[in-house]
Amino acid sequence: MINNYILESLKISNPKNLNEFENALREISQKIILYALSQTSFFKNVAFYGGTCLRIFHNLDRFSEDLDFQVISENYKLDFDQYMSRCINVLESYGLKSVVYSKPDYDTGEVRRRYIKISHYDLANEYFEKISLNKEKLISIKIEVSTKYIPGAKYEMKLLNSPMFSYIYCFDYGSLFSGKLNALLTRNWRERTKGRDYYDYMFYISHNVKFNLEYLKNKLAFSLDKDTSNYTIMSIKELLINKFIESDFNAIKDDIIPFISSDYNLDSLDKNMFINSVDLLECE
């Protein structure tokens, strides 16, 4: 049976169609997973970061798909599956039938990943009374942990108030921004432009967030495999301007569309605006 928390949360989100419903349920499930992890030792060695962290704790106004984490100390050996088992147990206690999906190559390389897949056929039909949906279709939530410790980040405890009060160990605002700047400058995303990086960048700029320069230099050194110790804020600004000049803003807008409200005016995102925004960039 579906827990009342799920139904009440959906009422608050008020999805109007299946896509909005699936996004709302995915966000509800993300919070349940975070709560489940908070009841384990997970956050003693790992911190939450990325777009979903920005949305949940800093009110980013776009949907974010994944739960991203990074280890906060060297030589930590992650036992992913014990934590995933806990997440499945808690999700099912809320009436969400779930499974963990993994493959051998998900445990190789610097990033470890799992997918939690959630059945939502019955819930969707209950919410909409009747809707056309493949009974086998599952909502998928990707969970990734970067196992490479990179020094220089700052962290903070954030209070998650749903589904239950719990503390989540997170990168602080300035370090989150540094992580986004690194992604914006270095990401090679399957030959596609990840427009969400640009959207999030503008969110940080519009909220006057100062980035953590030391952490960004360390991230860039790892991502680019080069010495960045002499980088300054002017170096970062120059890199960003060059990035924006060469960017395809039509591709950027196409990537953003599924993750934002239909009321958002994408025409406001243009090359000149991004280039001029670099003047507003500040570091801590």
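These are my notebook entries on a predicted model, covering its core, some helices and a few odd backbone spots.

**Entry 1: the core**

I started with the largest nonpolar core, which has 85 residues. Ile6, Phe48, Phe69, Tyr201 and Leu240 are the ones with the most contacts inside it. I then looked up which element gives the most to this core, and it is helix 2, residues 18-38, with 11 residues. As a general point, nonpolar side chains in soluble globular proteins tend to be buried together.

I picked Phe69 for a closer look. Leaving out residues up to four places away in sequence, Phe69 touches Leu34 and Leu37, then a run of partners that includes Phe42, Phe43, Val46, Ala47, Phe48 and Tyr49. Ile143, Glu144, Val145 and Ser146 are also on the Phe69 list.

**Entry 2: helix 2**

Next I checked helix 2 itself. Its 21 residues reach 30 Å from first C-alpha to last, close to the 30 Å expected at 1.5 Å a residue. Is helix 2 enclosed or open? I found 18 of its 21 residues buried, so helix 2 is largely enclosed by the rest of the structure. At its start, a side-chain oxygen of Asn17 comes to within 3.2 Å of the backbone nitrogen of Asn19.

**Entry 3: helix 3 and Thr52**

I moved on to helix 3, residues 51-58. Here 7 of the 8 residues are buried, so this helix too is largely enclosed by the rest of the structure. The buried ones are Gly51, Thr52, Cys53, Leu54, Ile56, Phe57 and His58. Right after helix 3 comes Asn59, with a positive phi near 65°.

Thr52 sits in this helix. Its relative accessible area is 1%, and buried means under 20%, so Thr52 counts as buried. What does Thr52 contact, beyond its neighbours within four places in sequence? I got Gln30, Ser64, Glu65, Asp66 and Leu67.

**Entry 4: Ile141 in strand 5**

Ile141 lies in strand 5, which covers residues 138-146. With a relative accessible area of 0%, Ile141 is buried. I listed its contacts, again without neighbours within four places: Arg26, Ser29, Gln30, Ile33, Glu65, Leu67, Arg114, Tyr115, Ile116 and Ile118. Gln30 and Glu65 are on this list, and both are on the Thr52 list as well. I also took a distance to Thr40, which is 101 residues from Ile141 in sequence and 19 Å away in space, C-alpha to C-alpha.

**Entry 5: helix 4**

Helix 4 runs over residues 80-93. Its 14 residues should span 20 Å at 1.5 Å a residue, and the end C-alpha atoms are 20 Å apart, which agrees. I noted the buried residues of helix 4 as Phe80, Tyr83, Met84, Cys87, Ile88, Val90 and Leu91. An α-helix has 3.6 residues a turn, so residues three or four places apart point the same way. What covers the buried residues of helix 4? The cover includes helix 2, strand 3, strand 4 and strand 5. After helix 4 comes Gly95, which has a positive phi near 85°.

**Entry 6: helices 6 and 7**

I wanted one helix pair, and I took helix 6 (residues 173-186) with helix 7 (residues 195-206). Their axes come within 10 Å and cross at roughly 145°. The crossing is left-handed. On the helix 6 side I found Tyr173, Leu176, Phe177, Lys180, Leu181, Ala183 and Leu184, which meet Asp197, Tyr198, Asp200, Tyr201, Phe203, Tyr204 and Ile205 of helix 7. Tyr201 had already turned up among the core residues with the most contacts.

**Entry 7: loops and odd backbone spots**

Where is Pro163? It is in the loop between strand 6 and strand 7. A cis peptide bond joins Ser162 to Pro163, with omega about 10°.

I also looked for positive phi in residues that are not glycine. Asn75 has a phi of about 65° and lies in the loop between strand 2 and helix 4. Asn75 is exposed, at 72% relative accessible area. Asp225 has a positive phi of about 55° and is in the loop between helix 8 and helix 9. Asp225 is exposed as well, at 69%.

My last stop was Gly109, in the loop between strand 3 and strand 4. Gly109 is exposed, with a relative accessible area of 55%. Lys148 is 39 residues from Gly109 in sequence, and their C-alpha atoms are 9.6 Å apart.

Terms used. Residues are numbered from 1 along each chain as its sequence is written. This is a predicted model: local features need pLDDT of at least 70, side-chain atom pairs count only at pLDDT 80 or more; totals for chains, interfaces and linings use all residues. Side-chain values use heavy atoms; hydrogens and water are left out. A nonpolar core is a set of buried Ala, Val, Leu, Ile, Met, Phe, Trp, Tyr and Cys residues joined through side-chain atoms within 4.5 Å. Buried means under 20% relative accessible area, exposed over 50%, partly exposed in between (1.4 Å probe, protein chains only). Helices (H or I, at least four residues) and strands (E, at least two) are DSSP runs, numbered from the N terminus. Contact means heavy atoms within 4.5 Å. The expected span of a helix is 1.5 Å times one less than its number of residues. A polar contact is a pair of N or O atoms within 3.5 Å; within protein, one must be able to donate a hydrogen and the other to accept it, and residues adjacent in sequence count only if both atoms are side-chain atoms. Axes are lines fitted to C-alpha atoms, for helices over the stretch in contact, and angles run from 0 to 180 degrees between N-to-C directions. A crossing is left-handed if the near helix is turned anticlockwise from the far one by less than a right angle, and right-handed if clockwise.
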